[in-house]
Amino acid sequence: MRTDGTMNVIAFGTRKITYTLHREDRKRLRIVVAPELTVDVFAPATDDEDQIQAAVMKKAAWIAGKLDALERYHPLPAPKKYISGETLVYLGRQYRLKVEQGPRQPAKLMGQFLKVWVEDKHDTRSVRNTVDSWYRKRAHETLDRYMTRCYAIASRHAVPEPVLFIRTMRRCWGSCSPKGRITLNLNLVKTPVHCIEYVIMHELCHLKYHNHSKSFYSLLTRCQPDCRKRKEILDKTVI
Ligand SMILES: [Zn+2]
């Protein structure tokens, strides 16, 4: 039996952790921290509220650590102002935005600057559109290129050929459908090349194993022996 659950909050230091409590016909308490940054607690129907709260409190450090790790994995960029001097990231390197007044044309990477030309310097919406289309173009070129390179390796391990989609995703860097469709986050183009290759190879290996089983990781390691190191870098990457 499963109920829809009730919302509960515990305090862990200065932090508040919200969780949904589900009562079930089960013997032991189970806590699930999901990539959507939700916490679900499945408790035996016979336990009283205080008992459950105490059990969740005991696990608070573990829950907080999991939430932090997941949050780091989430590409949630800070809101940009689209003004000169602002920092932009491309392939893991920082560039400065330089807004110039003049006839509109595509943005250009020049030295350490990304130059944008708009008719009105204060029209941040135009600046944003120009920057966004530059990122979109760079993302398609870059992700296509690395997909080809990674697939050349994965295909030797009988990984079927994927269909690639690129779009902005809020919650993850990439995903893979059972029908062989790989979707990559457009924002991946902001991360170092090593990380781009890691996400692509990870999703490619999912075409053969649609889970995170031992077989999946052993295939991933055969295709990309330093995959762990790459993931560590990706987890620390802020875009
Ligand atoms: Zn995965």
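This briefing walks through a few local features of the structure above, grouped by topic.

The structure is a predicted model. A good place to start is the zinc ion, which is held by H202, H206 and H212. From there we move to an open sheet of three strands, to helix α6 with its buried residues, and to the aromatic pairs, of which there are four. A loop residue, T46, rounds off the tour.

**The zinc site**

- Three histidines, H202, H206 and H212, coordinate the zinc ion, each through its NE2 atom, at 2.0 to 2.1 Å.
- Along the sequence, these donor residues follow the spacing H-x3-H-x5-H.
- One of the donors, H206, has a relative accessible area of 10%, and it counts as buried because that value is under the 20% cut-off.
- H206 also belongs to helix α4, which spans residues 193–206 and comes up again below.

**The three-strand sheet and its helices**

- The sheet is open, its strands are ordered β9-β11-β10, and the pairing is mixed.
- At the edges stand β9 (163–167) and β10 (174–176); each has a single partner strand, so one side of each has no neighbour in the sheet.
- From one strand to the next, the twist averages 15°.
- Strands β10 and β11 (residues 181–185) run antiparallel and are joined by three bridges.
- Within this part of the sheet, S175 sits opposite T183 of β11.
- Helix α3 (residues 124–154) packs on the sheet, where it touches β9 and β11, and its direction makes about 150° with that of β9.
- Helix α4 (residues 193–206) packs on the sheet as well, touching β10 and β11, with its direction at about 15° to that of β10.

**Helix α6 and its two faces**

- Helix α6 covers residues 227–236, and its buried residues are C227, R230, L234 and D235.
- Looking down the axis of α6, these buried residues fall within an arc of 140°, so they line one face of the helix.
- As general background, an α-helix has 3.6 residues a turn, so residues three or four places apart point the same way.
- On the face of α6 turned away from the buried side are the exposed residues R228, K229 and K236.

**Aromatic pairs**

- Among the four aromatic pairs of the structure is the one formed by Y90 and Y95, which is tilted, with 6.3 Å centre to centre and 50° between the planes.
- Both partners are buried: Y90 has a relative accessible area of 8%, and Y95 has one of 12%.
- Another pair, F216 and Y217, is edge-to-face, at 5.0 Å centre to centre and 75° between the planes.
- In this pair F216 counts as buried, at 0% relative accessibility, whereas Y217 counts as partly exposed, at 38%.
- Y90 and Y95 also join W134 and Y135 in one aromatic cluster.

**A loop residue, T46**

- T46 lies in the loop between β4 (39–44) and α1 (49–58).
- Is T46 buried or exposed? T46 is exposed, because its relative accessible area of 76% is over the 50% cut-off.
- In sequence T46 and E24 are 22 residues apart, while in space they are 8.8 Å apart, C-alpha to C-alpha.

Methods: Residues numbered from 1 in each chain as written. Predicted model: local features only at pLDDT ≥ 70, side-chain atom pairs only at ≥ 80, totals over all residues. Heavy atoms only, no water. Helix = DSSP H or I, 4+ residues; strand = E, 2+ residues; numbered from the N terminus. Buried < 20%, exposed > 50% of the residue type's maximum accessible area, 1.4 Å probe, protein only. Donors = N, O, S within 2.8 Å, 3.2 Å for Na, K, Ca; no water. Pairing = 2+ DSSP bridges. Axes fitted to C-alpha atoms, helices over the stretch in contact; angles between N-to-C directions. Contact = heavy atoms within 4.5 Å. Arc of directions from axis to C-beta. Phe/Tyr/Trp six-rings, centres within 6.5 Å; stacked < 30°, edge-to-face > 60°.
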